[in-house]
Every structure is written in C-alpha cells, then in structure tokens.
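Student: I would like a close look at a single part of this model, namely the charged side chains and how they pair up. Please set that part against the background of the chains as you go.

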Amino acid sequence: MIQRLPVSAYLVLALLGASAACSPANDTVDSSTGPFRGTPVDPPFPKVGFTLTDQHGQRFDFRAETEGFVTLLFFGYTHCPDICPVHLTNIAAALDKMTPTERLGVKVVFVTADPARDTPQRLQTWLGAIDPTFVGLTGEDEAINDVLRALHMPEINRQPLDEGYDVVHAAYVITYAKNGEGRLRHPFGIRQADWVHDLRLLLGEETST
Amino acid sequence: MTWWCVARSEPWNWTWQAYPGAWIFVAVVAAWYVAMVRRSDTPPPNRLFVVAALVALWVASDWPIGALGAGYLVSAHTLQYLLYAMVAPPLLMLAIPPASWRSPAWPSLLRFVTRPIPALLIFTLIVFLTHVPTVVDRLMQAQLGSFAIDMAWFVSGLIVWWPALAADPDAAHLSPPLRIGYLFLVSMIPGGPAVFMTFAEYPIYELYELAPRVTSLSAGQDQQLGGLMMKIAGFFIVLLAMSLIFIRWQRVETSEADEMAIPAFDPPR
C-alpha cells in the first residue's frame, strides 16, 4: 500500500521552496568581515598616488580626482573574456540601483593591465558600453607596474595564446572610503546586492579631516 | 567528456560541443515509444506528435540551448523548462496509441501520482524547488545535478499533463470542463517563480549573475526575460491545450445533439 503524505505536507514543502526563492541574495554575512560583504583590509592603507592617461586622452591624477569619493579601483583589460566585464557590469548594475545622490558619491576607476592594446579610444568604447561615467586609465607598462607594485599587486603578466595573448591580473577591486583609506577588497563573485550594501555603508560614513 | 550540459566558468563559445548524454536520452525516449507502438494493437496517432516531442527534448538537452541554460542565461534555462515540462510531455501523450493506455505495464504508483490533485501538488513542488536559487546555483554546477533538474521537469510535466490528456480508460476521468479547469490551475503554478524572477530587485541566481555575458542583456534583464517567458509562454501553451479540449468537446456535443435531434416537422402537402 502506498504511503500517502497528507496534502498539507505538500503545501508546506511548496511554501518552503517559495520562501527560500524570495530570500535576499547573499544574506549570509560572514561575521568575521564585520558589517561589510567585501574583505576588510587590516590595517587600511592610504590611497596610492599616480597619474595616467584617461579614455579621453587627458592626464588623470588619481588621488586628486577621487578625493572625497568612495573609489573603486580595478585592474583589468578590455580583451578579458570573463572576469573584467562581469565585475564592471555588476558594479554598474549596482550603481543603477542607488539614488542619484549616492551615485554621485562613487567613482569607478579602471586601470588597464594591457596598455599595448587598451588605447584611450579602446577604453572609451569598451567602458562606454558598460557605464560612460567609469574612468579608464592607460599608460606605459612601467608606469602601471609602479602602481601595481605600490599596491602589492602582481605586475603586468602576458600569457601567450595560440592567437594573441592573455593577461593575468588580480581579480579584486580595491575599495577606498571617502577619507582616502583603502578599506576593502571586493573579489570576483561579489554580487550586485553586496555592492549596494557596502557602498551605502561607506557613503554613510563621516569623512574624517 | 561532458555527457550532460553543465555550468562552466568559461566564456561562451559558439563552437559546437558534443553532449552524448542528450543524444542517449532522446534515443531512450524514442526507443520506449517504438517498443510501446509495437506492443499496441492499434496504429499510433499522428507520428508528427512524437517527432515534435523528440525534437523538443533534443533542443532542450543539447548544445546550444542546453549549454546556455546550464550556465549562462536564465532565459535559456527557462526555455529548457518550457520544452521539458510544457511542450514535450503533451506531445508525447498525444502520440501514445489508444490501446497502450490500458497497458498493464503502467505501475500503480504512476496511476496514483497522475490523479489531478497529486499531479498538481507534485508539479507545484518540482517547479518551486527547481527554481530555488540555492538549488539552481548548486545543482547546475554538476552534470548529475543539471540532469536531475532537467529530468524533474520532464517527469513532472508528464505527470501534470496526464489528467488532462491521458486516454487511460481505467483512470478517473475528468470531464472536458474539468480538464479545462484543471489546466487553468496548471497555468497558474509557474506564476510564483516567474514573479520572483521578473520583479526581483537583484538577480536571484548567483550562477547566472556571475556568468560571462553572452548577449547585450544584463543579468537582471535576462532574468526578467526568463520570468516573462515562464509565465506568458507557459500560459499560452496551456491555453492552446484548453482551447483544443474545448473545441473537441463542442464537436462531440454538437454531433451528439444532431443524433438526438427530432426530425424537422414536414408540413402536410
């Protein structure tokens, strides 16, 4: 004889499934990271200073131009097949979820790890398709490597392919608070909801003078 | 070798890839149908039904739809659901020879789960569970998990369409109006997950949110498209079935009324 579950059991299971489906993304915050979803940097480090060429061909002083803003600094390259476009696209989508005032308090700076191919025009086209407010920086290999070394990040590393080459680079975003401190690292895998959560926390902090 | 479509962290590539598991699956379904037809004394209904069902299963399982749905696009994953649960099962049932419905080979468990209320509950449970973000994000990372979700859709689709389309003479029949009402309830079930997918503030599936982009759609837009497909396309498929049942019912009613009609009164000459 077939054991029958009561009808209510089926309904409970269905409701459990539905409730799980509507749970917010990434609601399991790791308590070791504090209130943030990204990885805290301990101790926070000062904003690195450098000047490179932006996507409009103009000189861009990173420290001066981002002073007072929550700043996201990411090293990648436009021919990146996966991490770079997904990372930046998710950041753009997260910023779209924020209010215009919040949005104005954030600056996203993308520095190419492939300056040989990422000309200002290339950066303008590629970043413009993601978010035209994003800043793209390029320059000589050595100038970019100076910045990477200052941030204790791997230097430009080209891996030859059958056709062309790939560029190995760190996949995380360095997140600076409004006071210029490097506070968080957001690795690849951070989701849009996490970005909005952390950016709002940082925007809400008082700027110490 | 990758037997079944599974999530990959690689950028999408339009180069054809072989998934032998998809071919084996379709071949098994085809072989089962052929064996059933051979055991049957009656010729099968229009063979186009089974051909269309097999094509639907193949498209859902194989590259590119299977691969896109397994790890890149929610909309492709939803298309798989529609093909597995809403297209192939009714077509297969329409292709089953009439005499086969009385076959002793159908297990008693099958006859139980294909009654209207258990069928609705099972389908609801499967649809909801297979759209839970944690379930999708984890199962789609493994071939067996991806296969399990696809088969859950297919089997639950067979179960839920049974009360409306089966010609099993020994089963508790629903009258045509009740079949139509039953299918209306079926059309409502995907609405739950579809609403979440369409109106969620953020992408709900980590797998698809972090997948390399294939189209110009953002992860959120792709998810909304999947939700709309699930609700609207699924509804129209069921609506088509409801309409066909209604039309057939009306034809039967009309022909029965004609048989019982009193001959026209001939006035005296």
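Tutor: What follows begins with the salt bridges and then turns to the setting in each chain. The model is a predicted one, and the structure holds 11 salt bridges over all chains. One of these joins A:Arg158 to A:Asp141, whose side chains meet with an N to O distance of 3.1 Å. That pair links distant parts of the chain, since A:Arg158 belongs to strand 7 (residues 157-160) of chain A while A:Asp141 belongs to helix 6 (residues 141-150) of chain A, with their positions 17 residues apart in the numbering. A:Arg158 has a relative accessibility of 31% and therefore counts as partly exposed, and A:Asp141, at 29% relative accessibility, also counts as partly exposed. The pair belongs to a network of salt bridges, in which A:Asp114, A:Arg117, A:Asp141 and A:Arg158 are linked.

A:Arg149 has salt bridges to two acidic residues, A:Glu142 and A:Glu155. Between A:Arg149 and A:Glu142 the closest N and O atoms are 2.6 Å apart, and between A:Glu155 and A:Arg149 the corresponding distance is 2.8 Å. How accessible is A:Arg149, in terms of relative accessibility? A:Arg149 stands at 35% and so counts as partly exposed. A:Glu142 is partly exposed at 46% relative accessibility, and A:Glu155 is partly exposed at 34%.

The chain that carries these pairs, chain A, has 7 helices and 10 strands. Of its 209 residues, 48% count as buried, and among the contacts in chain A with a separation of 6 or more, 70% are accounted for by residues 24 or more positions apart. Chain A exposes about 10300 Å², of which carbon and sulfur atoms supply 55%.

Chain B offers another setting for charge, with 12 helices and 0 strands, and its C-alpha trace spans about 85 × 40 × 35 Å along the principal axes. Chain B has 269 residues, of which 51% count as buried, and 77% of its contacts between residues at least 6 apart in sequence join residues at least 24 apart. It carries 14 positive and 16 negative side chains, and the centres of these two sets lie 7 Å apart.

One acidic residue of chain B deserves separate attention, namely B:Asp150, which is placed in helix 8 (residues 143-165) of that chain. B:Asp150 is buried yet has no salt bridge, and the nearest side chain of opposite charge, that of B:Arg8, is 13 Å away; a salt bridge would need the nitrogen and the carboxyl oxygen to lie within 4 Å. Which residues does B:Asp150 contact, leaving aside its neighbours within four places in sequence? They are B:Trp4, B:Gln80 and B:Tyr84.

The surface of chain B also has an uncharged feature to set beside these charges. Chain B exposes about 13100 Å², and carbon and sulfur atoms supply 70% of that area. A nonpolar surface patch of about 520 Å² is made by B:Trp16, B:Trp23, B:Val51, B:Val55 and B:Trp58. Helix 2 (residues 47-61) of chain B gives the most to this patch, with 3 residues, whereas B:Trp23 has its place in helix 1 (residues 20-39) of chain B. B:Trp23 has a relative accessible area of 37%, which means that this tryptophan is partly exposed.

Notes:
Residues are numbered from 1 along each chain as its sequence is written. Chains are lettered from A and ligands numbered from 1 in the order in which they are written. This is a predicted model: local features need pLDDT of at least 70, side-chain atom pairs count only at pLDDT 80 or more; totals for chains, interfaces and linings use all residues. Side-chain values use heavy atoms; hydrogens and water are left out. Helices (H or I, at least four residues) and strands (E, at least two) are DSSP runs, numbered from the N terminus. Buried means under 20% relative accessible area, exposed over 50%, partly exposed in between (1.4 Å probe, protein chains only). Contact means heavy atoms within 4.5 Å. Accessible areas come from the Shrake-Rupley method with a 1.4 Å probe; for residues, only the protein chains shown count as cover. Lys and Arg count as positive and Asp and Glu as negative; His and the chain ends are not counted. The place of a charge is taken as NZ of Lys, CZ of Arg, CG of Asp or CD of Glu. Patches are made of residues with over 30% relative accessible area and no salt bridge: like charges are joined within 9 Å, nonpolar side chains (Val, Leu, Ile, Met, Phe, Trp, Tyr) within 5 Å.
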